[in-house]
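What follows is a guided reading of a single protein model, moving from its open spaces to its enclosed ones and then to one of its helices.

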Amino acid sequence: MQNIQGSVVALVTPMNPDGTIDFDSLKKLVDWHIKAGTSAIVSVGTTGESATLNHYEHIEVIKKTLDYSENRLPVIAGTGANSTQEAIDLTKEAFNLGCKFSLQVTPYYNKPPQQGMKEHFLSVADSTSAEIILYNVPGRTSCDLLPSTVAELIEHPKIIGIKEALADSQRIKELVTIRDNSDPEFILLSGDDPTFCYAMGEGFNGVISVAANIIPEISSKIANLCLIKHFQEASQLNQKYDDLYDLLFCQSNPIPVKWMLKQMHFIQSGIRLPLIELDPTYHNEVESILKSLSIINENY
């Protein structure tokens, strides 16, 4: 199994101004991340606008990402859904393309009980040869996968990790304890840029990051410092980017990150409704932060 740790980018899906997918820009992004030391790529997760890509587009973006990566780093397919059968179908298709890892979000909108979520994830894991990373993000899904349920799911041989986006110190510590007592190989990944450095200090293996779209080399450096337990140095570097982390979520993700990448000349302006481009009231502040961090220059 390829090792999933360090800085994993939740990659945007580049689009043309008319909303069609810009595969040329996708290739450039994949090559950039490989050169920058990104550990793995999540293709068509939340940041990749999975909610508004149709089935064909969803699979095609995963396929192209795999093709462009040329096995130089792991690709994790975002193939979760609030329909268990849809999640199974997407995961099988991605695996057949050669994608060995799947990120499975909790079933959003349905608001299932813990037993329902457990059976959902077990059904997906039983139906495919892909290795499953659970994804808990209550702020978006209106359901919370509790540590007690994770403690049961960890026993399935195909469920290899979790992306935990709840920024709660007690939750982080509980998951570390469960992992240490049940399966030391179980992968713990933060899903929250502002607190990922803290989570890694507590024992997490890495982060699935929105910020890594903008600062891949820095995200990799911080995560790698944590992995070798140079936590003070990692924390000092991480603090320099606190304002960037905040602005990445000034509006719903991926609105800010796509606007930033446009200013960096990596992508065009395309984003799918009901999301729209970043509100102009944020433009000056975002530009100022990007310039102060030397992400763009004064004459961008």
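**Pockets, cavities and a helix**

The lining of the largest pocket draws at least two residues from each of α2 (55–69), α3 (84–97), β4 (101–105) and α5 (138–141). The model in which this pocket is found is a predicted one. The space within the largest pocket amounts to about 590 Å³. Its lining is made up of 29 residues, and those closest to the centre of the pocket are T46, E49, S50, A51 and Y108. Sorted by class, the lining of the largest pocket comprises 13 nonpolar, 12 polar and 4 charged residues.

The second largest pocket encloses about 370 Å³ of space. Lining it are 23 residues, with Y135, V137, A165, G191 and F249 lying nearest its centre. Which element gives the most to the lining of this second largest pocket? That element is α5, which provides 3 residues. Helix α5 is also one of the elements that supply at least two residues to the lining of the largest pocket. In the second largest pocket, 13 of the lining residues are nonpolar, 6 are polar and 4 are charged.

The enclosed spaces come next. The structure contains 3 cavities of 30 Å³ or more. In the largest cavity there is about 50 Å³ of space. This cavity is lined by I255, K258, W259, K262, Q268, S269, I271, E277 and L278. Of these residues, 4 are nonpolar, 2 are polar and 3 are charged.

Attention may now turn to helix α4, which spans residues 114–127 and has 14 residues. From its first C-alpha to its last, α4 reaches 20 Å, close to the 20 Å expected at 1.5 Å a residue. Which residues of α4 are buried? They are M117, K118, H120, F121, V124 and A125. These buried residues lie on the same side of α4, because they cover an arc of only 160° around the axis. A general property of helices is relevant here: an α-helix has 3.6 residues a turn, so residues three or four places apart point the same way.

What covers the buried residues of α4? The covering elements include α3, β4, β5 (131–136), α6 (147–153) and β6 (159–164). Two of the elements named here, α3 and β4, have appeared before, since each supplies at least two residues of the lining of the largest pocket.

Note on methods: Residues numbered from 1 in each chain as written. Predicted model: local features only at pLDDT ≥ 70, side-chain atom pairs only at ≥ 80, totals over all residues. Heavy atoms only, no water. 1 Å grid on protein atoms, 1.4 Å probe; cavity = no way out; pocket = protein on both sides within 12 Å on 5 of 7 lines; lining within 4 Å. Points joined across faces, edges and corners; volume = space filled by probe spheres on them. Helix = DSSP H or I, 4+ residues; strand = E, 2+ residues; numbered from the N terminus. Nonpolar A, V, L, I, M, F, W, Y, C, P; charged D, E, K, R; others polar. Expected span 1.5 Å × (residues − 1). Buried < 20%, exposed > 50% of the residue type's maximum accessible area, 1.4 Å probe, protein only. Arc of directions from axis to C-beta. Contact = heavy atoms within 4.5 Å.
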